[in-house]
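Dear colleague,

Please find below the structure for your records. I should be grateful if you would read the notes on charged side chains that accompany it.

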Amino acid sequence: MTAYAIAHLRSVTPNAEIVEYLQRIDATLAPYGGTFVVHGDLPEVLEGEFPGNLVVIAFPGLEEARAWYHSPGYQAILPLRTRNSDGAAIIVQGVGPEHLATDVLAGLPVEAAR
């Protein structure tokens, strides 16, 4: 099942370290099958507030996403981003094309599912 590494970057200071990070990140993704799905586009906010940019990287599965994040190659460049940006990063598993919204009810307590 596809997994996603997602970063919500509320602010980024463009400088030489960010340029280096961007120049080096693609090589860290390749061994784990990672590909950019969304990269830095300003979102169209429909509800609430969402300051900053969104980055979404797809991986074949959770194992590959975790392995990429913890890899020596990515860990070597991660400080280039974290020193120059404010944000959050997560890894989440996607769902298949047959997924229905009601499928999440199976994991809820009985009272909440009523």
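The following paragraphs describe the salt bridges found in the structure.

Please note that this is a predicted model. The count comes to three salt bridges, and each is described in turn.

The pair R10 and D86 is joined by a salt bridge, with an N to O distance of 3.3 Å. R10 belongs to strand β1 (residues 3–12) and D86 to strand β4 (residues 85–93), so that distant parts of the chain, 76 residues apart, are linked. Both residues are partly exposed: the relative accessible area is 36% for R10 and 38% for D86.

A further salt bridge is formed by R83 and E17, whose closest N and O atoms are 2.6 Å apart. Because R83 sits in the loop between α3 (72–82) and β4, while E17 is in helix α1 (residues 16–29), this pair ties together parts that are 66 residues apart in sequence. R83 is exposed, at 53% relative accessibility, because the cut-off for that class is over 50%. E17 is partly exposed, with a relative accessible area of 25%.

Within helix α1, R24 and E20 lie four residues apart, about one turn of the helix. These two residues also form a salt bridge, and their closest N and O atoms are 2.8 Å apart. R24 counts as partly exposed at 37% relative accessibility, and E20 counts as partly exposed at 32%.

Yours sincerely

Conventions: Residues numbered from 1 in each chain as written. Predicted model: local features only at pLDDT ≥ 70, side-chain atom pairs only at ≥ 80, totals over all residues. Heavy atoms only, no water. Salt bridge = Lys/Arg side-chain N within 4 Å of Asp/Glu carboxyl O. Helix = DSSP H or I, 4+ residues; strand = E, 2+ residues; numbered from the N terminus. Buried < 20%, exposed > 50% of the residue type's maximum accessible area, 1.4 Å probe, protein only.
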